[in-house]
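Good morning, and thank you for coming. I would like to take you through one model today, beginning with a single term and then moving from one chain to the other.

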Amino acid sequence: MPLDFVPQSDFVANGDQSSEIVANSVSQLNRLREKVLLTLSKPYIYPGETAWIGGRLLYQDPFLADLLSRVVYVDILRENSEIVQSATFQIQQGKISGGLVLPKEMKPGDYVLRAYTQWNRNFPEFDQFIAPFIVMEEGFIPEAEKPESEIFPNGIEVKADYTLSDSLNYSVMD
Amino acid sequence: MNLFDEFENPIDGEFVLSISDPEQVVEMNQGIWLEQAMDWVDEVLSETFQSNLSYSVEYGISLRGKFIPDNKRQELIQPITIVRGDLEDYGQVMTDSSGYCWATGLNYQDTAQIVVAAGMRSFGLLGQ
């Protein structure tokens, strides 16, 4: 547009947005949904340990991520839905990381990790993250599931040998 | 690392590597898979869904409060100034016609000192 542009006096801006997305409020709301996804550093935790959590936000429309939440609430719940512990984490570039120090007197058993944002609470419950985890009795080590293995004939031995390097071929790990 | 789809077109993606010491942690099925979690993206809201969006988006730690005037002459609509620490962050919000205010966007780790003050410059500070 030239700097000296002057619109005609009878010009009327056409604000008639008749697209389907604007017409349907449910699909508009749907684009604003977000969901937390967390992972724990371990499948089970002992009382007094720190549960390290990492996570990210899933977005129905990733282009709107900038408009959406920057705070995640994480709760640890007992089987009877009683909240044992809560924490607040910051979302940085769509990711969350932090730790929850479990109290030493925490009873071993099944617990639930729940995570949500305040904005989530406007939407159905399946937008909240819920996952079970176990608090083990101190000192109890569960038996490992045997990994799948293959035996090669004629005494062939398979050794793991690999290197990791970045895009400039600098080795990042031995 | 480059990621491609089935037609060998480059796509935006992330590679996440998580390592734990098998001697310290026994591997168990946690039942949380990123692949399954992505199914949520296909779960659309039902056509009958309605919400008056009573919970706001939070851009940081939020503060909620109510301005209670000292005397009847003071209006309920007042500017509220929120200051974190030694002026590390500050902002101003207006209370609504009932005196309530809500502000979001404060960011801090661990603990922080927050000062909340109500008032207009012309009348001086009304409360802190």
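A residue is called exposed if 12 or fewer other C-beta atoms lie within 10 Å of its own, and buried if that number is 20 or more. Please keep this in mind as we look at the model, which is a predicted one.

Let us apply the term at once, in chain B. Is Leu87(B) buried or exposed? Leu87(B) has 8 C-beta neighbours inside 10 Å and therefore counts as exposed. The residue sits in the loop that joins β2 (79-84) to β3 (89-94) of chain B. Its phi is near 55°, which is a positive value in a residue other than glycine.

A second leucine of chain B may be described in a similar manner. Leu53(B) belongs to the loop between α1 (34-37) and β1 (61-66) of chain B. Its phi is near 50°, again a positive value in a residue other than glycine. Because Leu53(B) has 12 C-beta neighbours inside 10 Å, it counts as exposed.

As for chain B as a whole, it contains one helix and six strands. Read from the N terminus, the order of its elements is α-β-β-β-β-β-β. Of the 128 residues in chain B, 5% are buried. Among the contacts in chain B with a separation of 6 or more, 45% are between residues 24 or more positions apart.

I turn now to chain A, and to the confidence of the prediction there. The mean pLDDT of chain A is 85, and 90% of the residues score at least 70. Which elements of chain A have the lowest and the highest mean pLDDT? The lowest mean, 52, belongs to helix α1 (residues 20-23) of chain A, and the highest, 94, to strand β4 (residues 71-77) of chain A.

Next, the sheets of chain A. One is an open sheet of three strands in the order β1-β3-β6 (chain A), and the pairing is antiparallel. Why do β1 (34-40) and β6 (95-101) of chain A each have one side without a neighbour in the sheet? Both stand at the edges with a single partner strand each, so one side of each is left free of a neighbour in the sheet. On average, and ignoring direction, neighbouring strands of this sheet are turned by 25° against each other. Within it, β1(A) pairs with strand β3 (residues 50-59) of chain A in the antiparallel sense, over seven bridges. One residue to locate here is Lys35(A), whose bridge partner in β3(A) is Leu58(A).

There is also an open sheet of five strands, with the order β2-β8-β7-β4-β5 (chain A) and mixed pairing. Here β2 and β5 of chain A are at the edges, each with a single partner strand, so one side of each lacks a neighbour in the sheet. Strand β2 (residues 44-45) of chain A runs parallel to its partner β8(A), and the two pair over two bridges. Tyr44(A) has Ile134(A) as its bridge partner in β8(A). By contrast in direction, strand β7 (residues 109-116) of chain A and β8(A) pair in the antiparallel sense, over seven bridges. In that pairing Leu113(A) is opposite Ala131(A) of β8(A), and Tyr111(A) is opposite Phe133(A) of β8(A).

What of the nonpolar residues? The largest nonpolar core has 22 residues, and those with the most contacts inside it are Val36(A), Leu38(A), Val72(A), Val74(A), Ala115(A) and Phe129(A). Two or more residues of this core come from each of β1, β3, β4, β6, β7 and β8 of chain A. Leaving aside residues up to four places away in sequence, Val36(A) touches several residues, including Leu57(A), Val72(A), Ala115(A) and Phe129(A).

For a view of the other extreme, consider Glu143(A), in the loop between β8 and β9 (164-165) of chain A. Glu143(A) has 7 C-beta neighbours inside 10 Å and so counts as exposed. From C-alpha to C-alpha, Glu143(A) is 20 Å from Glu49(A), while 94 residues separate them in sequence.

Finally, I bring the two chains together. How many residues of each chain are in contact with the other? The contact involves 32 residues of chain A and 28 residues of chain B. On the chain A side, α2 (25-30), β1, β5 (83-90) and β8 (129-135) each supply at least two residues. By class, that side has 17 nonpolar, 10 polar and five charged residues.

Note on methods
Residues are numbered from 1 along each chain as its sequence is written. Chains are lettered from A and ligands numbered from 1 in the order in which they are written. This is a predicted model: local features need pLDDT of at least 70, side-chain atom pairs count only at pLDDT 80 or more; totals for chains, interfaces and linings use all residues. Two strands pair if DSSP finds at least two bridges between them. Helices (H or I, at least four residues) and strands (E, at least two) are DSSP runs, numbered from the N terminus. Axes are lines fitted to C-alpha atoms, for helices over the stretch in contact, and angles run from 0 to 180 degrees between N-to-C directions. Two residues are in contact if their C-beta atoms, placed from the backbone, lie within 7 Å. Ala, Val, Leu, Ile, Met, Phe, Trp, Tyr, Cys and Pro count as nonpolar, Asp, Glu, Lys and Arg as charged, and the others, Gly among them, as polar. pLDDT is the predictor's confidence in each residue, from 0 to 100. A nonpolar core is a set of buried Ala, Val, Leu, Ile, Met, Phe, Trp, Tyr and Cys residues joined through C-beta atoms within 7 Å.
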